[in-house]
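Grab a pencil and try these short exercises before reading each solution. They go from whole chains down to single residues.

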Amino acid sequence: MTARQKQLLYVGAALLVVMSWTFYAADGPQTTAVLAGTVRAATLLALGAMCGMIGERSGVVNIGIEGQFLLSAFAAFTIASMTGSLFLGTVAGIGMGLIMGWMLAAMAVGLKVDQIIAGTVLNIAALGLTSFFYDRSRSLGMGKYTNIDLGPLAEIPLVGTVFFSRPPLTYLTMVLLVVVHIALFRSVWGMRTRAIGEHPGAADTVGIDVLKLRYFNVTIAGGLAGLGGSYLALEAVGTFSRAMSGGRGFLALAVMIFGRRTPFGAYAAALFFGFTTALQNQFQLNNTFDIPPQFVGMLPFVVTIIVVALSGLIGSMRDPAALGQVYEKG
Amino acid sequence: MSEVLLAARNVTKQFPGVLANDDISAQLRPGRILALLGENGAGKSTLVNILFGMYRPDSGEVVIKDEIVDLHGPDDAISRGIGMVHQHFQLVPPMRVVENIVLGAEPSKRGLVDLAEARSRVVELSQRYGLEIDPDALVEDLPVGMQQRVEILKALYREADVLILDEPTGVLTPQEADHLLGVLRELTATGLGIVFITHKLREVLAIADDIVVLRNGRVVGETTPAETNESGLAEMMVGRSVVLRVEKSAAQPADVVLAVDELEVNDDRGHLAVDGLSFEVRAGEVLGIAGVEGNGQRELVEAVTGLRHPLSGTMRINGEEVTNGSARDISKKGVAHIPEDREKHGVISVYSLAENSVLNRYHRSPFSLRGVLRRDVIDRHAEDVVEEFDVRTPSIAVAASSLSGGNKQKLIVGREFSDDIKLLIAAQPTRGIDIGAIEFIHRRILEQRDKGAAVLLVSAELDEILGLSDRIAVLYDGKLMDVLDAQDADRERVGLLMAGITQ
Ligand SMILES: Nc1ncnc2c1ncn2[C@@H]1O[C@H](COP(=O)(O)OP(=O)(O)O)[C@@H](O)[C@H]1O
Ligand SMILES: [Mg+2]
């Protein structure tokens, strides 16, 4: 990031804080609702973006996040409603994410199928399977995950409610952001991962098994998307419905790119996109605009297009050099 | 200490269609430098890739420190003390020098890379061997010579006692190359053994203790610098006596054909690659553009041939402005182009030899009539090209991909030279082809000059530039350092200019 971009970012952040407080003073409940909605939407996007960045940092494009969200949400919901345990449901969602990650790896890394096609296969399979096996009569008898107050932190006005009085998977995501950041940029694994995404040949000549590491990373990353699915079904919504991922797996990729394939960058971007989603919800609730709700619902996607186009103008980041390419030895 | 550090014993390796290594034996002893000499395609890289565990031999043995070993991958070779500097550097450009050096063998604490420890080991290493380097620089910001130093340090960091260097001087200026040879000589003082691959005779004589010459995958000679000389080595390498210098008469320069003025061109990444170039080429002379690769040569050639639009400046051919002309507009003015990358821009490899022989003219009479190709005329033309330019092929119907590099190049030259040409733009015209074909193409280029064509020759091989040019322009960082008359130019002077040094 250049100094100028950083300046812009700080000015933007400061402006947002000032604005939020002004609105909060004017209308407390609504502001809180919008900001809480922001964090809620951002959590899913952040998990998807982390899944995407681990793949892309190792050179594998994952456009199957949408499908990974959906099928994992289904698995999480079904197991939770069968066992009555949200925890087991969450584990099932993560497990399903790992399986789908492994399938993507098997196709894209093992069989060297075109990565875009492999991801599309996941998306179509997830939509078909969940629609077919969807059982309307199921529900979560015990309800969804509830908020946990983090002691005195939760008492802070606005910030407390928005960040420190949240359900468990949201906290887990925040912890994972730090973990993934350290793993990617400080650990031996992270250094090797970045190397195989930039120059797999170089990694190979120093004895790093490129295909094995890509296989591993794409699978593990699937677990993050799986957690996203669990979050969606068991924490954000509390039920399962057809195609409930609603394009957010793709939005997560935009978030990842806008966040420069770093966890913290992605979270900032996720909060931004989450804000547009929450704002849009609030507009619809209040009937702010006298236009069909579908148009108001377009807001996050219109903003995505504008922002991605703009970020191309404001000094774009280079993709990992080996992104999307099959690695052949020798 | 072991008798034999590294050896190949009767190694054979078959690739689809080529026997790349045929019963090769060679050995390296501690403290010595073994030069592997051979033309392009002789099997040198294949052999060292086998010694490094990248490829497995079909038969034969690899010996490391007196022990027969079975290498399953580079890490097997690395752990036995073999280090390799590849022909194409194996570095991760956006990572730091220190990260590149320790990658794969990182000092770590609980899974986290211990960068402080890594940095201090790298600094210690670079001081011990006198290979100074900034450990925190990004590799992509380093000049090629420095990147090569990183590669050497990478091997030394892994405690290599054998260093294999595959064509290490190809990307260096002559002075940088000499410096490298000095460094390698010093390294052997500690007992390190070095395998040095090259096709440059001068370097072999300067540095080798033992020389093994390969041709067509076989060992065709073993000697030492004391027992041989350049022409002896060349003869072994090619299998017959060769003329190392082309005969040429004095140039008869006439009118200006190509005039380039204040030309600026961007590269693919949008950086200025050609920075305000002005020069002229006259009919009947060869202007050679010397320079280490990547100093704007490619962008210059692409601009002059209409493949890339310049940012600003003008280009004229015989007085007519062609600055924003298409490749076809320019070709119509009588411009022939031998492109740098023959696979990508020279031939269409799935097309037949006959079709390739008219790629620049198939749309014109007599090769087509009202939009329909006339196969009989094209075939006759192709037969002529094959005959006149000595293209070795079973027939004109085979796909271009089945020709060897040298024969593809002769086909391209034949196609481009069969019209009456005003301007010839030859980029790396003899890269990667055998000496026989090199001689042939050099003679043909001079023939065009003597018939009155203006020739712009771009080459990274200094010997080629010195041998063919009447005037020599040296390109550095997109700018012309100087333009010398051929008789004032020597290796030393041009080499310094190539490094951007004007005294
Ligand atoms: N991976 C490969 N697959 C098929 N053929 C190859 C491969 N590598 C090299 N060859 C062929 O083997 C021969 C020897 O190549 P190489 O060892 O690279 O020669 P050198 O390094 O001496 O120029 C050439 O004909 C080349 O085309
Ligand atoms: Mg080679």
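The exercises below work through a predicted model, one chain at a time.

**Exercise 1. Work out what chain A is built from and how its radius of gyration fits the globule rule.**

Start with the secondary structure: chain A contains 14 helices and two strands. Next, take the radius of gyration, which is 20 Å for chain A; the globule rule gives 20 Å for 330 residues, so chain A is as compact as a globular protein of that length. Along the principal axes, its C-alpha trace spans about 65 × 55 × 45 Å. Then look at the contacts: among those with a separation of 6 or more in chain A, 76% join residues 24 or more positions apart.

**Exercise 2. Decide whether T31(A) is buried or exposed, and find what it touches.**

First, place the residue: T31(A) sits in helix α2 of chain A, which covers residues 28–57. Now check the accessibility. The cut-off for buried is under 20% relative accessible area, and T31(A) has 10%, so it counts as buried. Finally, list the neighbours: leaving out residues up to four places away in sequence, T31(A) touches S20(A), F23(A) and Y24(A).

**Exercise 3. Do the same bookkeeping for chain B: what are its helix and strand counts, its radius of gyration and its charges?**

Begin with the counts, which are 17 helices and 24 strands for chain B. For 503 residues, a compact globule would have a radius of gyration near 23 Å, and the 25 Å of chain B agrees with that. Buried residues come to 53% of the chain B total. The accessible surface of chain B is about 21900 Å², with 46% of it belonging to carbon and sulfur atoms. As for charge, chain B carries 55 positive and 80 negative side chains, and the centres of these two sets are 4 Å apart.

**Exercise 4. Figure out which residues of helix α8 in chain B are buried, how they are arranged around the axis, and what they pack against.**

Step one is to pick out the buried positions: in α8(B), residues 230–238, these are L233(B), A234(B), M237(B) and V238(B). Step two is the geometry. These residues cover an arc of only 120° around the axis, so they lie on the same side of α8(B). Step three is the partners: the buried residues of α8(B) pack against several elements of chain B, including β3 (33–38), α7 (201–207) and α15 (435–450). Strands β11 (210–215) and β12 (218–223) are also among them. To finish, look just past the helix: α8(B) is followed by G239(B), which has a positive phi near 95°.

Definitions and conventions: Residues are numbered from 1 along each chain as its sequence is written. Chains are lettered from A and ligands numbered from 1 in the order in which they are written. This is a predicted model: local features need pLDDT of at least 70, side-chain atom pairs count only at pLDDT 80 or more; totals for chains, interfaces and linings use all residues. Side-chain values use heavy atoms; hydrogens and water are left out. Helices (H or I, at least four residues) and strands (E, at least two) are DSSP runs, numbered from the N terminus. The radius of gyration is taken over C-alpha atoms; the globule rule is 2.2 Å times the number of residues to the power 0.38. Buried means under 20% relative accessible area, exposed over 50%, partly exposed in between (1.4 Å probe, protein chains only). Accessible areas come from the Shrake-Rupley method with a 1.4 Å probe; for residues, only the protein chains shown count as cover. Lys and Arg count as positive and Asp and Glu as negative; His and the chain ends are not counted. The place of a charge is taken as NZ of Lys, CZ of Arg, CG of Asp or CD of Glu. The arc is that of the directions from the helix axis to the C-beta atoms. Contact means heavy atoms within 4.5 Å.
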